[in-house]
Amino acid sequence: MAAKSDGAAAAAGPGPEGPAGAARGGAGGRGEAAAGTAGPGPEAAAGPGPRYELRDCCWVLCALLVFFSDGATDLWLAASYYLQGQSTYFGLTLLFVLLPSLVVQLLSFRWFVYDYSEPAETPGPAVSTKDSDIVGAAISTKDSAVAFRTKEGSPELVPRPAPSSASAYRRRCCRLCVWLLQTLVHLLQLGQVWRYLRALYLGLQSRWRGERLRRHFYWRMLFESADVSMLRLLETFLRSAPQLVLQLSLLLHRGQEPELLTALSISASLVSLAWTLASYQKVLRDSRDDKRPLSYKGAVVQVLWHLFTIAARTLAFALFASVYKLYFGIFIVAHWCVMTFWVIQGETDFCMSKWEEIIYNMVVGIIYVFCWFNVKEGRSRRRVALYYCIVLLENAALTGLWYSSRDFATDSFSLILVCVVASSFALGIFFMCVYYCLLHPNGPMLGPQAPGCIFPEAPGPCAPPADAITSPPRSLPRTTGTERDGASVGGERAGTPTPPVFQVRPGLPPTPVARPSRTEGPVIRIDLPRKKYPAWDAHFIDRRLRKTILALEYSSPATPRLQYRSMGTSQELLEYETTV
């Protein structure tokens, strides 16, 4: 069966078996999902799957602590400026707190409205039964309407009875309460807090429930974690980064000893930036089953890497801005324009529309003002080296111009600040090398790297990671329609296994723990080419597609796996054309 993300219906067909479908998936664009079955799909065949652990819970609690400390110190500092009669400092500090928060809350509430609203033409799910030749059960949906078709002779699913007036009234009251609660939460600027708590709740539910519900709650937890990580990334670089530069510039401009409150605000903003970047990368890798997950050791080292490089960068900005305010503004705008053009030139493919992609590229340009952020698939070592060479030259020029305006004979503190900028940047580069050399999910940078496939135990070669989660690599020659019907070809009985053309040598030991492969069970086939890392999968970006997949997954007797269309061969295209 199929369900288009734009709401159109599609046909159903049996899904080919493949090792790469799991409860996590990758990025794409607007398209359609087709759900079929590849076999009986017992729960045991699916393997244990990923589990929500105690350290995942601790990570979310630490993220909440970082969020509250950043916001509370900024508001406390703004109130302190107001009580001291410094209205300009109070206005600037409060502006960088409220404006980004309002933008993020509007976006979060817009997502909630889309996720919780029902299409007007389909007031509720409709369940029906019909005989089918498909092996197992096939599921289809159009918007929120879900239908089942069961195999002949199997127990049929009867249509859900129409709700009574009392139950319909209770349902409307519950929906009204949810809408009022979400409106209040977002008016109080606590949308991210709600999503953090919801991700925590869903993760704990996936740990406590049975196998089928455990996978369902784990999927929903991944979706919620992806939403909050994207919201936090946007908010930190619209709020914490400018706030950090502002407070450092004001501190250097006044030439006073740093107060405790100012130091706390600066430190909280810095930690928030570093934590959000590392958390975003971890959730992104966890959401994709074609990539190895990022360990918590690697995430902590990433926090230290970004912490020291951003500290050196913002301190260089603050030193220069304390003397050359106009030229600093010109420099920031020029750097942002160059970096945005660099990102656009790379032809990123993250969002669902052209205008969303342009806005995304502009936000990434703001991130590049402060630190490195990978937006292009493939090895990024040369791009990382080029970026940090440019940052090193800019930091040295900005700090040198500021130092040249100081009195060398009487101002010994200036030399200390220059050394702090240099040592902080060097420490950041050191932790970056530690991450790439020792803790990168694909293996050490200088040694032989583990393959990109996350199923090293598979007997055949890894599926091509370029386009999609596909069927297992097939042996040559390709089977024909006659062979699939059971006839013998060339004196050989159809279905006789052909020796593999390519054999894989004993590979490297898996660097991190590989995720278990699944080759049986129902398949949700998404008629899109899969976007390449570091982009999100289509079912994380396209919210209609997400709703469709969740409806199919929850209604399926066994947890389905996701499968994106492969653009590698014309045969794969023909198979999809015959099932849609």
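Tutor: Buried means under 20% relative accessible area. Keep that cut-off handy, and keep in mind that this model is predicted.

Student: Okay, why is Arg530 called buried?

Tutor: Arg530 has a relative accessible area of 5%. The cut-off is under 20%, so Arg530 counts as buried.

Student: What makes Arg530 and Asp537 a salt bridge?

Tutor: The rule wants a side-chain nitrogen of Lys or Arg within 4 Å of a carboxyl oxygen of Asp or Glu. Here the N to O value is 3.0 Å, so the pair of Arg530 and Asp537 fits the rule. Asp537 is buried too, at 0% relative accessibility.

Student: Which residues do salt bridges with shared partners join into one network?

Tutor: That network takes in Asp115, Arg195, Arg198, Glu224, Asp227, Arg543 and Arg546. For the chain, the count by this rule is 17 salt bridges.

Student: How do you know that Asp70 and Arg239 form a salt bridge?

Tutor: Their closest N and O atoms are 3.2 Å apart, and the limit is 4 Å, so the pair qualifies. Asp70 sits in helix α1 (residues 54-83) and Arg239 in helix α5 (residues 211-254), so this salt bridge ties together parts that are 169 residues apart in sequence.

Student: Are those two buried or exposed?

Tutor: Buried: Asp70 has 0% relative accessibility, while Arg239 has a relative accessible area of 5%.

Student: Then why is Glu53 called partly exposed?

Tutor: Its relative accessible area is 33%. Buried needs under 20% and exposed needs over 50%, so Glu53, at 33%, falls in between. Glu53 also forms a salt bridge with Arg55, with 2.7 Å between the closest N and O atoms.

Student: Switching to strands, what makes β7 largely enclosed by the rest of the structure?

Tutor: Strand β7 covers residues 561-565, and 5 of the 5 are buried, so the rest of the structure largely encloses that strand.

Student: And how do you know that β6 and β7 pair?

Tutor: Pairing takes at least two bridges. Strand β6 (residues 522-529) is joined to β7 by 5 bridges, so the two count as paired. They run parallel, and Ile524 stands opposite Leu562 in β7.

Student: How much of the chain counts as buried?

Tutor: That's 48% of the 580 residues. The chain exposes about 28000 Å², with 67% of it from carbon and sulfur atoms. Its secondary structure comes to 15 helices and 7 strands.

Terms used:
Residues are numbered from 1 along each chain as its sequence is written. This is a predicted model: local features need pLDDT of at least 70, side-chain atom pairs count only at pLDDT 80 or more; totals for chains, interfaces and linings use all residues. Side-chain values use heavy atoms; hydrogens and water are left out. Buried means under 20% relative accessible area, exposed over 50%, partly exposed in between (1.4 Å probe, protein chains only). Helices (H or I, at least four residues) and strands (E, at least two) are DSSP runs, numbered from the N terminus. Accessible areas come from the Shrake-Rupley method with a 1.4 Å probe; for residues, only the protein chains shown count as cover.
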